[in-house]
Amino acid sequence: MNARAYFATASVFLGCCSGVVFLESLVKLDPGAGNLITAAQFAFIALEGFIFTFKFGLAKRIIRLRDYGLLVAMFFLTSVINNYVFHLNVPMTLHMIIRGGSLISNMCLGTIVLKRQYQVRQYIAVIMITLGIFICTYFSSRNVDDNHGQDSDKTANMFWWLVGVLLLVLALFISSYMGITQELLYRRHGKCAREALFYTHLLPLPAFLFLHDNIRTHWTLALESDPYRIQLLGGVAVPLLLFYLIGNVLMQHLCISSVYYLTTECSSLTVTLILTLRKFVSLVFSIVYFDNPFTLYHWLGTVLVFVGTLMFADIFRWQRKAVKSD
């Protein structure tokens with residue numbers, strides 16, 4: 001890897017991990033802020049894309065707008081779901097572990113839609129990931145709101161937690177199909193990831209009008225939250241939830257941009273390894289810093305998920321080849 005690749009890797013860890021910290025800090029104080037977070041991320045990335053990618057309307061579009069239709073719809077739906085499930089008692093740790101199982105949905109849809117064939121090693125890896133997610137989900141279900149003692153409350157909380165988990169799984173498969181749609185678009189028009197990033201964030205913006213009541217409510221809560229003084233800016237006081245929201249939006253943009261840049265500097269296997277390590281670092285930091293409940297069984301499931309991911313991408317053999325080459 002060259003210096004630019006190392007810089008992109010550092011930016012991925014900084015942006016993605018910091019974004020998770022801001023996100024978890026925000027949803028712990030306001031679990032229902034998912035729609036506000038999603039709308040803010042979309043608006044900021046669309047604005048940045050309009051300036052630097054679309055060149056204030058001067059840049060020529062490669063892919064037709066109607067070809068973006070399905071892609072935009074899927075991206076909007078998965079983004080809303082992934083941020084909304086925090087309101088349904090889904091903890092951040094379980095959220096990250098389930099989303100780490102994207103290889104399962106990718107393999108299923110790749111087999112059905114693209115007629116791809118996989119090696120025995122990859123089937124074993126997917127079984128490990130599935131087992132790891134099942135273990136984490138099962139033992140997380142035993143910790144869902146055990147502090148009120150009323151059976152009706154526990155039943156309701158368990159029901160909404162289960163809905164949240166099922167929504168995450170649904171979003172996982174939609175996201176995988178979105179990846180297939182992107183791949184087919186790129187085959188026809190060539191790689192234009194920056195353009196796709198811009199339009200997938202710009203075109204869904206009107207859809208947030210249907211969520212304006214919820215967004216306005218949580219925007220008001222953010223403005224009325226306790227003040228937080230930013231010492232780096234001379235002690236300027238900013239509402240705490242607004243500070244977390246701005247931090248998440250900026251770090252999320254850095255994360256997405258860095259991943260895009262990394263794909264232009266490194267092989268897909270290297271990118272897979274870096275993103276897998278990033279997810280693991282985010283998970284460990286979330287457990288330690290936010291004191292999230294995490295048992296030995298959760299660690300077992302987490303190890304199965306991440307080792308299965310590395311095995312699927314054949315990282316271990318690739319690393320051995322790199323050592324022999326050196």
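In the predicted model, helix H5 (residues 102-112) packs against helix H6 (residues 120-141) at an angle of about 135°, and the two axes lie 9 Å apart. H5 and H6 are therefore oblique to each other. The crossing of H5 past H6 is left-handed. On the H5 side the contact consists of Leu103, Ile104 and Met107, which meet Gln122, Tyr123, Val126, Ile129, Thr130 and Ile133 of H6. Sorted by class, the contact of H5 with H6 has 7 nonpolar and 2 polar residues, and no charged ones.

Helix H2 takes part in two further helix contacts, described here in turn. With helix H3 (residues 69-84), H2 (residues 34-52) forms a crossing of roughly 135°, the axes coming within 8 Å. An angle of this size makes H2 oblique to H3. The crossing of H2 and H3 is right-handed. H2 contributes Gly34, Asn35, Ile37, Thr38, Gln41 and Phe42 to this contact, and H3 contributes Phe75, Phe76, Ser79, Val80, Asn83 and Tyr84. Nonpolar and polar residues number 6 each in the contact of H2 with H3, and charged residues are absent.

The axes of H2 and H9 also come within 8 Å, with a crossing angle of roughly 95°. H2 and H9 are therefore roughly perpendicular to each other. Asn35, Leu36 and Ala39 of H2 make this contact with Asn214, Ile215, His218 and Trp219 of H9. The contact of H2 with H9 has 4 nonpolar residues and 3 polar residues, with no charged residue. Asn35 of H2 is thus listed in the contact with H3 and in the contact with H9.

Aromatic side chains were examined next. The count of aromatic pairs comes to 22. One of the pairs joins Phe42 and Phe208 in an edge-to-face arrangement, with 5.5 Å from centre to centre and 75° between the planes. This pair links distant parts of the chain: Phe42 belongs to helix H2, whereas Phe208 lies in the loop between helix H8 (193-202) and helix H9 (212-223), 166 residues apart. Both Phe42 and Phe208 are buried. Phe42 is also among the H2 residues in contact with H3. A second aromatic pair, formed by Phe243 and Tyr244, is tilted, with a centre-to-centre distance of 6.0 Å and 50° between the planes. Tyr244 has a relative accessible area of 18% and is buried, because the value falls under the 20% cut-off.

Six residues, Phe50, Phe54, Phe56, Tyr68, Phe198 and Tyr199, form one aromatic cluster. Two members of the cluster, Phe198 and Tyr199, are among the buried residues of H8. The others that are buried in H8 are Glu195, Ala196, Leu197, Thr200 and His201. Since 7 of the 10 residues of H8 are buried, H8 is largely enclosed by the rest of the structure.

A further buried position is found in helix H12 (residues 296-312), which contains Thr302. Thr302 has a relative accessible area of 0% and is therefore buried. Leaving aside residues up to four places away in sequence, Thr302 touches Ile97, Cys136, Phe280, Leu283 and Phe294.

Methods:
Residues are numbered from 1 along each chain as its sequence is written. This is a predicted model: local features need pLDDT of at least 70, side-chain atom pairs count only at pLDDT 80 or more; totals for chains, interfaces and linings use all residues. Side-chain values use heavy atoms; hydrogens and water are left out. Axes are lines fitted to C-alpha atoms, for helices over the stretch in contact, and angles run from 0 to 180 degrees between N-to-C directions. Helices (H or I, at least four residues) and strands (E, at least two) are DSSP runs, numbered from the N terminus. Angles under 35 degrees count as roughly parallel, over 145 as roughly antiparallel, 65 to 115 as roughly perpendicular and the rest as oblique. A crossing is left-handed if the near helix is turned anticlockwise from the far one by less than a right angle, and right-handed if clockwise. Contact means heavy atoms within 4.5 Å. Ala, Val, Leu, Ile, Met, Phe, Trp, Tyr, Cys and Pro count as nonpolar, Asp, Glu, Lys and Arg as charged, and the others, Gly among them, as polar. Rings of Phe, Tyr and Trp (its six-membered ring) pair if their centres lie within 6.5 Å; planes under 30 degrees apart count as stacked, over 60 as edge-to-face and the rest as tilted. Buried means under 20% relative accessible area, exposed over 50%, partly exposed in between (1.4 Å probe, protein chains only).
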